[in-house]
Amino acid sequence: MTSASFSTHQNARPSPWVCRWAALIAPGASVLDVACGSGRHLRWLAGQGFAVTGVDLDAQALAGLAGVGTTVQADIENEPWPLAGRSFGAVVVTNYLWRPLLPTLLASVAPSGVLIYETFATGNETVGKPSRPDFLLRPGELLQACAAPGWRVVAFEDGFLPAPARFVQRIAAVRSGDGADAAPDELPPRYPLQQPQLLE
């Protein structure tokens with residue numbers, strides 16, 4: 001876990017956001033979990049049949065993931081990206097923000113792959129930590145990051161969650177098969193919308 005990665009007491013369970021939008025990932029695809037920590041998502045994704053890779057600074061946390069998938073111990077904020085040249089069927093990021101890395105994370109999503117991102121947002125400083133602006137997404141920031149040609153935003157939410165109280169922003173976005181604007185037949189199926197409820 002790095003200085004910009006934060007835990008909540010729910011860390012034993014995978015995020016409902018990740019679980020819901022993992023349905024967009026192609027069966028058996030490779031998935032990268034960034035700042036994976038003790039591996040709550042790595043374990044869940046491996047259980048869904050994905051080939052998982054986790055990267056984190058904390059060697060001790062990664063040691064507990066032996067046999068789950070591939071792990072990479074690296075300081076991704078101060079050292080070169082350890083997975084340069086590799087791409088994945090999905091990139092998953094939760095409770096972590098290091099803005100200089102955002103372009104690299106987008107570039108690490110393979111054509112037809114998925115970005116699933118969820119972390120703290122502006123407003124969280126009123127209820128707890130993280131409270132520094134460096135670690136809080138600005139309004140619409142993930143939408144702006146995925147506004148490049150070749151990306152389709154499937155879902156986006158920005159708001160408040162209770163128990164524990166926190167403000168979060170989250171997105172699920174699909175990269176087209178050729179890096180250009182996605183054609184309808186390149187996109188995953190549309191999933192039925194749930195009953196209106198901001199931030200489950």
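## What lines the cavity

Helix 4 gives the largest share of the lining of the largest cavity, 3 residues. (Helices are DSSP runs of H or I with at least four residues, strands are E runs of at least two, and both are numbered from the N terminus.) This is a predicted model, where local features need pLDDT of at least 70, side-chain atom pairs count only at pLDDT 80 or more, and totals for chains, interfaces and linings use all residues. Residues are numbered from 1 along each chain as its sequence is written, and side-chain values use heavy atoms, with hydrogens and water left out.

The full lining is Leu102, Leu105, Leu106, Leu115, Tyr117, Leu142, Ala145 and Cys146. Two or more of these come from each of helix 4 (102–107), strand 5 (109–120) and helix 5 (141–145).

## How much space there is

Searching the whole structure turns up 1 cavity of 30 Å³ or more, and its volume is about 30 Å³. Here a cavity is a set of points on a 1 Å grid over the protein atoms alone where a 1.4 Å probe fits but cannot get out; lining residues have an atom within 4 Å of a point.

## The nonpolar cores

The largest nonpolar core has 28 residues, and Leu32, Val34, Val55, Ile76, Trp81, Leu115 and Tyr117 touch the most other members. Such a core joins buried Ala, Val, Leu, Ile, Met, Phe, Trp, Tyr and Cys residues through side-chain atoms within 4.5 Å, buried being under 20% relative accessible area with a 1.4 Å probe, protein chains only.

Next comes a second, separate core of 22 residues, with Trp17, Cys36, Leu45 and Leu65 among them.

Terms used
1 Å grid on protein atoms, 1.4 Å probe; cavity = no way out; pocket = protein on both sides within 12 Å on 5 of 7 lines; lining within 4 Å. Points joined across faces, edges and corners; volume = space filled by probe spheres on them. Buried < 20%, exposed > 50% of the residue type's maximum accessible area, 1.4 Å probe, protein only.
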